[in-house]
Amino acid sequence: MSNISMLLIIFVLIVPCLGNDEEDNAFEYLKRFGYSSCNDSSASAVKCSENFNELLKEFQRYFGLNVTGALDQSTKAIMNLPRCSVVDKPRQSVLQQIIKFKWSRFDLKYRIESYAYSKEISHTKQEEIIQDAFNEWSKHTSLKFTKVCSTCLADIVIQFTSRDHGDDHPFDGKILAHAFPPTDGRIHFNYQDTWTDSYDSTSKYEINLFLVAVHEIGHALGLDHIRNKQSIMYPTYQLKQRSQILPLVDQQEIQAMYPKKVEEGEIVEKIYGTSKYRGQMKNGLRHGHGQIVYDNNATYVGEWKTDKFDGHGIYTSSSGAKYVGELENSTFNGQGIITYSSGNSYMGDFKNDKVDGRGMFTYPSGSHYVGEFRNGDFNGRGVFMWANGDKYVGQWKDDKREGYGFFINTKGQVQRGQWKDDNFIK
Ligand SMILES: [Zn+2]
Ligand SMILES: [Zn+2]
């Protein structure tokens, strides 16, 4: 064989494999971000027998482009956008969809090992931004995030680092950050990017730290990229406003992995020692409307504030006494009606569990007192009507007639004057 024909054979063998530079770069991109199942990093599309155009179509479908299978302008434009280097998984297997790596605890610790280089945002400000980013996820789940010291043991570890940084996912100019799923939890930001806290920077080099942090925390909690442009888990960087961070699609994704936060208004059931509560809660305390049943069968149903009976409610004691009315700080306070197991009842003002103010006290016999009370007793001005029709109108002290008053019986006999210790003096 002549040298020329040998060269020709080599030429024929090699040229179709290399393609052009743009296509090679595009293929490199598709492999890097999860569109190719070809593992040999040095292989071209031809060599690992995957159809470049089919992979391109997959990519175009993922990003909602026209599915041409050709490396057109809009496709190249997306490939040039700054992005996260976690893979896109366009063809998730059923197994991948089912097996999600997630944290088994909801109370997670994080630490910040290193910071962004930024003239604009101080370390303290960066810490605030990162805590705010965690809060976006805890708003919609039972997850709680606590920052610990930079060397303390933590579930999620945040670093600003550059180029090859020891995890086989080196940063380059296009990559903003990446994160590892639970229970790894590392989050790496590209130290060489220009991080900002501005939401209206027109510079394509300025990257909003909060937006990328919310995205990467999503990965550290177990979320994959989401092929919905509204989602914060979209693979490429999108400048968004602070108010529209987690749309419904992201809330649903995270709530599929972690329980929802118990919102005010939702009914929960909780055991307190031997008593059982069913009702609303806020910040872990009984708050709103709820009912508790104690083991001695006493019950309260009504309004709560920070774990206390507060507002309008009905309390029934184990002996069968029943209070319907206003409460404050777990005591009868305000207006209410109480019916005792003895058959006595009172309707009127209460203060700190005691009958206090103005009201009417009624005995089962039908006798009743209408007037002023203090500290649980008749105190002040009041009228007592006996069941037989007798009547006292006057001053009272500690349940006894004392001071000026008059007594009149059914026959019309009257005692008018001073009283002491329930007896007429003169
Ligand atoms: Zn990502
Ligand atoms: Zn890394």
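Is Glu216 buried or exposed? Select Glu216 in this predicted model and count the other C-beta atoms within 10 Å: there are 27, so Glu216 is buried, the threshold for that class being 20 or more. Keep the residue selected, as the UniProt annotation "active site", from an unreviewed entry, covers Glu216.

**Around Glu216**

Next, add the contacts of Glu216. Leaving out residues up to four places away in sequence, Glu216 touches Cys84, Ala177, Ala179 and Ile187.

**Helix H7**

Extend the selection to residues 209-220, which form helix H7, the element that holds Glu216. A distance drawn from the first C-alpha of H7 to its last comes to 16 Å. For the 12 residues of H7, 16 Å is also what 1.5 Å a residue would lead one to expect.

How many of the 12 residues of H7 are buried? The count is 12 of the 12, so H7 is largely enclosed by the rest of the structure. Stepping along the helix, the buried residues include Leu209, Phe210, Leu211 and Val212. Also among them are His215, Glu216 and His219, as are Gly218 and Ala220.

Then move past the end of the helix to Gly222. This glycine follows H7 and has a positive phi, near 115 degrees.

**Helix H8**

Now select residues 248-255, helix H8, and colour Asp250, Glu253 and Ile254, the buried residues of this helix. They lie on the same side of H8, because the arc they cover around the axis is only 90 degrees. Show helix H6, residues 123-138, as well: H6 is included in what covers the buried residues of H8.

Which exposed residues does the face of H8 turned away from its buried side carry? Turn the view to that face and pick out Leu248 and Gln252, both exposed.

**Strand E22 and Gln418**

For the last stop, select residues 414-420. This is strand E22, and Gln418 has its place there. Gln418 counts as partly exposed because it has 15 C-beta neighbours inside 10 Å; that class falls between 12 or fewer for exposed and 20 or more for buried.

Display Tyr404, Ile425 and Lys426 beside it: Gln418 touches these three, again not counting residues up to four places away in sequence. Finally, draw a distance between the C-alpha atoms of Gln418 and Phe406. The two residues are 12 apart along the chain, and their C-alpha atoms are separated by 8.4 Å.

Key:
Residues are numbered from 1 along each chain as its sequence is written. Chains are lettered from A and ligands numbered from 1 in the order in which they are written. This is a predicted model: local features need pLDDT of at least 70, side-chain atom pairs count only at pLDDT 80 or more; totals for chains, interfaces and linings use all residues. UniProt positions are given in the numbering used here, feature names are shortened, and annotations may be inferred rather than shown by experiment. Helices (H or I, at least four residues) and strands (E, at least two) are DSSP runs, numbered from the N terminus. Two residues are in contact if their C-beta atoms, placed from the backbone, lie within 7 Å. The expected span of a helix is 1.5 Å times one less than its number of residues. The arc is that of the directions from the helix axis to the C-beta atoms.
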